[in-house]
Amino acid sequence: MEYVPNGQYFFYHKELPAAERAVEAARRAGKDKECPADFQAAEKMKNDAYKLYYACHTKEAIAKANEAIAATNALCPKIPETPKPAPAPAPTPAAPTVSLSADSTSLEQGSCTRLTWSTTNASSASIDQGLGSVELRGSRQVCPT
């Protein structure tokens, strides 16, 4: 039994005041606004438990109070968020490649040849020995000194 000041009786079976506290805690948590129909049903169970108790149906009142507590605890269940899949790692860019060829395999001083090149997976290209920046694919006549 539990002492309850300001009640119709001074002492109640503990399940009835527990149901009262559960309903009031749900009200303070905003469940009466979040899911009003379910809240009202739980509150009605609690009120019915007291009516049964006052009518001397103690066992039924305790059962109804326990039902009210369970309904109150189940109010507005939080829907678990589905975890977002981790973003796929960015693919590793392929390494740049170059193909470079000359029309001649050897040159005599003062002679010229054509260089031809192509690249893959590159954003810029440069040829040393005085040519500098070039297109990613192309050809040029060169006359080394």
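This passage describes the largest nonpolar core and the disulfides of a predicted model.

The largest nonpolar core comprises 14 residues, of which Tyr12, Leu16, Ala19, Tyr53 and Ala65 touch the most other members. At least two residues of this core are supplied by each of the helices α1 (15-28), α3 (36-54) and α4 (58-73), and the greatest contribution, 5 residues, is made by α4. When neighbours within four places in sequence are set aside, Ala19 is found in contact with Lys46, Ala65, Ala68 and Ile69.

In the whole structure, 2 disulfides are found, and the bonded cysteines, numbered in sequence order, pair as 1-2, 3-4. One disulfide joins Cys35 to Cys76, with an S to S distance of 1.7 Å; the torsion about this S-S bond is about -90°, so the disulfide is left-handed. Distant parts of the chain are thereby linked, since Cys35 lies in the loop between α2 (31-34) and α3, and Cys76, 41 residues apart from Cys35, lies in the loop between α4 and β3 (97-102). Both Cys35 and Cys76 are buried.

The other disulfide is formed by Cys112 and Cys143, whose sulfur atoms are 1.7 Å apart, and it is right-handed because the torsion about its S-S bond is about 105°. Here too the pair links distant parts of the chain, with Cys112 in the loop between β3 and β4 (113-120) and Cys143 in the segment after β7 (137-142), 31 residues apart. Cys112 counts as partly exposed at 33% relative accessibility, and Cys143 likewise counts as partly exposed, at 43%. Cys56, with a relative accessibility of 65%, counts as exposed.

Key. Residues are numbered from 1 along each chain as its sequence is written. This is a predicted model: local features need pLDDT of at least 70, side-chain atom pairs count only at pLDDT 80 or more; totals for chains, interfaces and linings use all residues. Side-chain values use heavy atoms; hydrogens and water are left out. A nonpolar core is a set of buried Ala, Val, Leu, Ile, Met, Phe, Trp, Tyr and Cys residues joined through side-chain atoms within 4.5 Å. Buried means under 20% relative accessible area, exposed over 50%, partly exposed in between (1.4 Å probe, protein chains only). Helices (H or I, at least four residues) and strands (E, at least two) are DSSP runs, numbered from the N terminus. Contact means heavy atoms within 4.5 Å. A disulfide is a pair of cysteine sulfur atoms within 2.5 Å.
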